[in-house]
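These notebook entries record what I looked up, entry by entry. I began with the terms and then turned to the helices.

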Amino acid sequence: MHYRRIFKKGQENVSIYQTAYDMKTDLRKEQSETLNRPHFKYGLGLRIFFLGMDITAGKKNTLPKAKLLEILASVPYREWEIRQYCRLTMKYRNRKKVDWAQEIVGWGRSAQDNEYNHLLVIQEKMKEDGMKDRWFLSPPVVFLVVTFYVILSKIIAWTHIKGGFKFNAAFEDHAEHVYAKMVEDNPQWENEKVTTPVAKAYADVDTWADIFRRISLDERDHRNHSFYYAGMPEHIIKYDGMPSIVD
Ligand SMILES: [Fe+2]
Ligand SMILES: [Fe+2]
């Protein structure tokens, strides 16, 4: 993936790391592929995690709940990056270890930026629709949930990073399905034009339905990368215009 910073778009200054998307991608076709594909079989840990999310934010997929998902989504990438930076410092004499650690750092950085874009885009949509944040997005609750996830991700990053990649692949598989289903559940998005500069800078598409289809596909990219680094490439789901796993 390639990122560039956009400072001006339309009338407003926009600061966002933009992904260069391949326009060959058929977003509708990929949404139905996601909807028709069963979820990846989640382990007990993730089932408890998603149950906790449902208890906190409700069972229904909503934009406020997606915000919480996005706030958490960047955490593992950040923890892997921190761990790999420590290794880069300690193991700089070992070229093989340096190459691998740099690869993880590069991927982790681009994935974090991409997750953060998702959060900004959801914020714009909620603002446009006059939607308010729910109680679980209040700073003390977010602090508690994020702290829990940081500790969990840190332990996994330092003890069993490949297990962390697999755990994240399942988390991203869940996110991909959530967005594909949200587009199906919100048919009005098909007629809602994207005008906000932040969303336009994220992906230059016409409707909000396509914005969320694009987010769903970004989650598939994260899922694919996670399976690749977990040593499970057989689970990678390919599509036209897909970015290469290793740049
Ligand atoms: Fe995301
Ligand atoms: Fe993601």
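Entry 1, a term. I count two residues as in contact if their C-beta atoms, placed from the backbone, lie within 7 Å. I also note that the model is a predicted one.

Entry 2, the cover of α3. With that term fixed, I looked up what lies over the buried residues of α3, and found that the cover includes α2 (44-57), α4, α5, α6 and α7. I then asked how many of the residues of α3 are buried. The count is 8 of 11, and α3 is thus mostly covered. The buried residues are K65, A66, K67, L68, L69, E70, L72 and A73.

Entry 3, α3 against α5. I took up α5, one of the elements in that cover. The axes of α3 and α5 are 9 Å apart, and the two helices pack at an angle of about 160 degrees. Angles over 145 degrees count as roughly antiparallel. The two helices, α3 and α5, are therefore roughly antiparallel to each other. I recorded their crossing as left-handed. On the α3 side I listed L63, A66, K67, E70, I71 and A73, which meet E115, H118, L119, I122, K125 and M126 of α5. By class, the residues of this contact are 7 nonpolar, 1 polar and 4 charged.

Entry 4, α6 against α7. Here I found axes that come within 6 Å and cross at roughly 135 degrees. The helices α6 and α7 are therefore oblique to each other. From α6 the contact takes S153, I156 and A157, and from α7 it takes I161, G163, G164 and F167. I noted 4 nonpolar and 3 polar residues in the contact of α6 with α7, and no charged ones.

Entry 5, the core. I next looked up the largest nonpolar core, which has 42 residues. Y179, I211 and F212 are the residues with the most contacts inside this core. Elements giving two or more residues to the core are α3 (63-73), α4 (75-90), α5 (95-129), α6 (139-159), α7 (161-185), α8 (197-202) and α9 (208-229). Which element gives the largest share? I found that α7 does, with 10 residues. For Y179 I set aside the neighbours within four places in sequence; the contacts that remain are F212, I215, S216 and E219.

Entry 6, E176. I located E176 in helix α7 and asked whether E176 is buried or exposed. A residue is buried if 20 or more other C-beta atoms lie within 10 Å of its own. E176 has 28 such atoms and is therefore buried. Beyond its neighbours within four places in sequence, E176 is in contact with T34, S216, E219, R220 and R223. I also looked up the pair E176 and L72: they are 104 residues apart in sequence, and their C-alpha atoms are 15 Å apart in space.

Entry 7, V178. V178 is found in helix α7. With 18 other C-beta atoms within 10 Å, V178 is partly exposed. Leaving out its neighbours within four places in sequence, I found V178 in contact with N61, A66 and L69. A66 and L69 are among the buried residues of α3. Finally, I noted that V178 and H118 are 60 residues apart along the chain, with 13 Å between their C-alpha atoms. H118 appears in Entry 3 as one of the α5 residues that meet α3.

Note on methods
Residues are numbered from 1 along each chain as its sequence is written. Chains are lettered from A and ligands numbered from 1 in the order in which they are written. This is a predicted model: local features need pLDDT of at least 70, side-chain atom pairs count only at pLDDT 80 or more; totals for chains, interfaces and linings use all residues. A nonpolar core is a set of buried Ala, Val, Leu, Ile, Met, Phe, Trp, Tyr and Cys residues joined through C-beta atoms within 7 Å. A residue is buried if 20 or more other C-beta atoms lie within 10 Å of its own, exposed if 12 or fewer, and partly exposed in between; C-beta atoms are placed from the backbone. Axes are lines fitted to C-alpha atoms, for helices over the stretch in contact, and angles run from 0 to 180 degrees between N-to-C directions. Angles under 35 degrees count as roughly parallel, over 145 as roughly antiparallel, 65 to 115 as roughly perpendicular and the rest as oblique. A crossing is left-handed if the near helix is turned anticlockwise from the far one by less than a right angle, and right-handed if clockwise. Ala, Val, Leu, Ile, Met, Phe, Trp, Tyr, Cys and Pro count as nonpolar, Asp, Glu, Lys and Arg as charged, and the others, Gly among them, as polar.
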